[in-house]
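Thanks for asking me to look through this structure with you. My notes are below, as numbered points to read with the model open.

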Amino acid sequence: MVESTCLSMKFMFSGAHRVRFSDVYGGVHGHNYDITIRLCVRGRRMLVTDIDGIRREVQGIVNTFDGKYIKSSMENTQGLMPSEFVEVPCIPEGATGECVAWYFMDRVTEILRKLGINDVTEAQVIVCDSPINCFEAKSS
């Protein structure tokens with residue numbers, strides 16, 4: 001059996017989006033998003049890493065999403081000022097939970113590199129837009 005020790009951090013923000021392919025959610029609507037970031041290292045550890053630096057960096061990204069429209073990089077947003085939206089790489093029909101999860105995964109990877117943390121063997125981002133819908137991005 002392979003042992004690992006993991007650290008999980010939780011974040012929250014409120015944002016809006018739309019997914020034009022959906023009859024139910026095709027209009028602009030909002031969510032209270034819950035974000036969980038999980039980082040694992042091999043073996044039994046008394047400390048995975050100093051949580052403060054990572055938390056500060058991720059919270060800065062979360063703050064840029066709070067109260068904004070989440071725009072797909074391929075979506076037309078006529079009428080929105082740049083200060084009113086955050087752009088994530090996604091499909092033309094709108095920003096999906098999967099795209100938000102991968103956006104955060106890419107940012108977490110950059111943060112780990114920036115902080116010189118290179119012993120993480122598994123990273124996972126879970127984005128929940130409701131109590132019953134969660135989207136995951138995982139790297140190992």
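The points below cover disulfides, salt bridges and pockets.

1. Please keep in mind that this is a predicted model. Every value in this note was computed from that prediction.

2. Let's begin with the disulfides. How many does a search of the whole structure find? The search finds 3 disulfides. With bonded cysteines counted along the chain, they follow the pattern 1-2, 3-4, 5-6.

3. Look at Cys6 and Cys40, whose sulfur atoms are joined at 2.0 Å. This disulfide links distant parts of the chain, with Cys6 in strand E1 and Cys40 in strand E2, 34 residues apart. The link is right-handed, with 105° about the S-S bond. Its two ends sit in unlike surroundings: Cys40 is buried, at 3% relative accessible area, while Cys6 is partly exposed, at 30%.

4. Next comes the disulfide of Cys90 and Cys99, again with sulfur atoms 2.0 Å apart. Are its ends buried or exposed? Cys90 is buried, with a relative accessible area of 9%, and Cys99 also counts as buried, at 16%. The angle about this S-S bond is 70°, and the link is right-handed.

5. The remaining pair to find is Cys128 and Cys134, with 2.0 Å between the sulfur atoms. This link is right-handed, with 105° about the S-S bond. Cys128 is buried because its relative accessible area is 14%, which is under the 20% cut-off. Cys134, at 40%, counts as partly exposed.

6. Now for the salt bridges, of which the whole structure has 8. One of them pairs Arg44 with Glu3, the closest N and O atoms being 2.9 Å apart. The partners come from distant parts of the chain: Arg44 is in the loop between E2 and helix H1 (51–65), and Glu3 is in the segment before strand E1 (4–17), 41 residues apart. Arg44 is exposed, at 68% relative accessible area, and Glu3 is partly exposed, at 36%.

7. Glu57 and Lys114 form another salt bridge, at 3.0 Å from N to O. Here the pair links helix H1, which holds Glu57, with helix H2, which holds Lys114, and the two are 57 residues apart. Lys114 is exposed, at 57% relative accessible area, whereas Glu57 is partly exposed, at 27%.

8. For a contrast in sequence spacing, try Glu110 and Arg107, whose side chains meet in a salt bridge at 3.0 Å. Both residues lie in helix H2, 3 residues apart, about one turn of the helix. Arg107 counts as buried, at 19% relative accessibility, and Glu110 as partly exposed, at 40%. Elsewhere, salt bridges that share partners join Arg38, Glu122 and Lys138 into one network.

9. Where is the largest pocket? Look around His17, Val19, Tyr25, Asp129 and Phe135, which lie nearest its centre among the 14 lining residues. Its volume is about 240 Å³. The lining has 4 nonpolar, 8 polar and 2 charged residues. Strand E2 (29–42) and helix H2 (97–114) each supply at least two of them.

10. Finally, the second largest pocket holds about 170 Å³ of space. Its lining has 13 residues, with Thr109, Leu112, Ile117, Val120 and Ala123 nearest the centre. Two or more lining residues come from each of H2 and strand E5 (122–128). H2 gives the most, with 4 residues. By class, this lining has 5 nonpolar, 5 polar and 3 charged residues.

How values were computed:
Residues are numbered from 1 along each chain as its sequence is written. This is a predicted model: local features need pLDDT of at least 70, side-chain atom pairs count only at pLDDT 80 or more; totals for chains, interfaces and linings use all residues. Side-chain values use heavy atoms; hydrogens and water are left out. On a 1 Å grid over the protein atoms alone, a cavity is a set of points where a 1.4 Å probe fits but cannot get out, and a pocket is an open set with protein on both sides within 12 Å along at least five of seven lines; lining residues have an atom within 4 Å of a point. Grid points are joined across faces, edges and corners, and a volume is the space filled by probe spheres set on the points. Ala, Val, Leu, Ile, Met, Phe, Trp, Tyr, Cys and Pro count as nonpolar, Asp, Glu, Lys and Arg as charged, and the others, Gly among them, as polar. A salt bridge is a side-chain nitrogen of Lys or Arg within 4 Å of a carboxyl oxygen of Asp or Glu. Buried means under 20% relative accessible area, exposed over 50%, partly exposed in between (1.4 Å probe, protein chains only). A disulfide is a pair of cysteine sulfur atoms within 2.5 Å.
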